[in-house]
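Here is a short tour for someone meeting this structure for the first time. Have a look at the sequence and the model, and then we'll walk through it piece by piece.

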Amino acid sequence: MSEVTSDVTTQRVLTDEMVAAIKAFFPRYPTRQAVTLPALHVVNERLRYVPLQAVVEIAELLELAPAQVQDTLTFYGMFKQDAPHGQTRAWVCRSMSCMLLGANELLDHICHKTGTRPGETTADGSTTIEFAECLGACEFAPCILANKTLHKCVTSHQADQLLNEWKTKPAP
Ligand code: FES
């Protein structure tokens, strides 16, 4: 289990812009604790992960114990903590409808093509391949969500095109 402590010798990771973005949520929520999830998103959107030092700094801002922030972080599956995810994060649905229409084979194909396993990032850092549970578009199975776009009825050929697109036109 990781120890979450404050260490004054550790370099700070929250920039002034991140701190301002987090503070901008304060008037919109009844308590500072309620800002925990938005604060995690602020950091994740900018760093593509939430390192432990960011957890400590968010806790300071929200006047919480670091463990409270860490609890929220680990409750949700979308935050990485060890290293940034790829420029694109591709969520391949593996729930029932998608599975019945070839999601497992699609995921195998993508992993084979990219030399990754689910949860890993391609060597060039362009794409992280993830499992997703139902993306709410079962009639268009199998689906992939990436860069806020839902790709429907994805074939292996289309997946190859998407991988190439994510490689050559990385998300901002
Ligand atoms: S099962 Fe894949 S979108 Fe619902």
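## A crossing to start with

In which hand, left or right, does α3 pass α4? The crossing is right-handed. Keep in mind as you look around that this is a predicted model.

Two packed helices are described by the angle between their axes and the distance between the axes. For α3 (residues 52-62) and α4 (residues 66-75), the axes come within 8 Å and cross at roughly 120°. On the α3 side, the contact is made by Val55, Val56, Ile58 and Ala59. Facing them from α4 are Pro66, Gln68, Val69, Gln70 and Leu73.

## The whole chain

Now step back a bit. The chain has 7 helices and 4 strands, and going along the sequence they come in the order α-α-α-α-β-α-α-β-β-β-α. If you box up the C-alpha atoms along the principal axes, you get roughly 50 × 35 × 30 Å. Of the 172 residues in the chain, 33% are buried.

The domain assignment splits things into domain 1 (16-75) and domain 2 (88-168). Their centres, taken over C-alpha atoms, are 29 Å apart. For a feel of the distances involved, try Ala67 and Gln158: they are 91 residues apart along the chain, and 43 Å separate their C-alpha atoms. Ala67 sits in helix α4 and counts as exposed, with 12 other C-beta atoms within 10 Å.

What about contacts along the sequence? Take those between residues at least 6 apart: 62% of them join residues at least 24 apart.

## Helix α6 and its two sides

Next up is α6, which covers residues 103-114. With 12 residues at 1.5 Å a residue, α6 should span 16 Å, and its end C-alpha atoms are indeed 16 Å apart.

Which residues of α6 are buried? They are Ala103, Leu106, Leu107, Ile110 and Thr114. These cover an arc of only 95° around the axis, so they sit on the same side of α6. The other side of α6 has Glu105, Asp108 and His112, which are exposed.

The buried residues of α6 have several packing partners: β1 (88-93), α5 (96-100), β2 (127-132) and α7 (156-168). Just after α6 comes Gly115, with a positive phi near 65°.

## Helix α7, another two-sided helix

From its first C-alpha to its last, α7 reaches 18 Å, close to the 18 Å expected for its 13 residues at 1.5 Å a residue. Its buried residues are Ala159, Leu162, Leu163 and Trp166. Looking down the axis of α7, you'd find them within an arc of 100°, so they line one face of the helix.

And what does the face of α7 turned away from that buried side carry? Exposed residues: His157, Gln161, Asn164 and Thr168. As for the buried residues of α7, they pack against β1, α6, β2, β3 (144-146) and β4 (149-151). So α6 and α7 each turn up among the packing partners of the other's buried residues, and β1 and β2 appear in both lists.

## Backbone details in the loops

A few spots in the loops deserve a closer look. In the loop between β2 and β3 you'll find Pro142. The peptide bond leading from Ala141 to Pro142 is cis, with omega near -10°.

Which way does the phi of Arg48 go, positive or negative? Positive, at about 65°, although Arg48 is not a glycine. Arg48 lies in the loop between α2 (36-47) and α3. With 18 other C-beta atoms within 10 Å, Arg48 is partly exposed.

Lys148 is also not a glycine, yet has a positive phi of about 65°. Look for Lys148 in the loop between β3 and β4. Is it buried or exposed? Lys148 is exposed, with 6 other C-beta atoms within 10 Å.

Note on methods
Residues are numbered from 1 along each chain as its sequence is written. This is a predicted model: local features need pLDDT of at least 70, side-chain atom pairs count only at pLDDT 80 or more; totals for chains, interfaces and linings use all residues. Domain bounds come from an automatic or database domain assignment. Helices (H or I, at least four residues) and strands (E, at least two) are DSSP runs, numbered from the N terminus. The expected span of a helix is 1.5 Å times one less than its number of residues. A residue is buried if 20 or more other C-beta atoms lie within 10 Å of its own, exposed if 12 or fewer, and partly exposed in between; C-beta atoms are placed from the backbone. The arc is that of the directions from the helix axis to the C-beta atoms. Two residues are in contact if their C-beta atoms, placed from the backbone, lie within 7 Å. Axes are lines fitted to C-alpha atoms, for helices over the stretch in contact, and angles run from 0 to 180 degrees between N-to-C directions. A crossing is left-handed if the near helix is turned anticlockwise from the far one by less than a right angle, and right-handed if clockwise.
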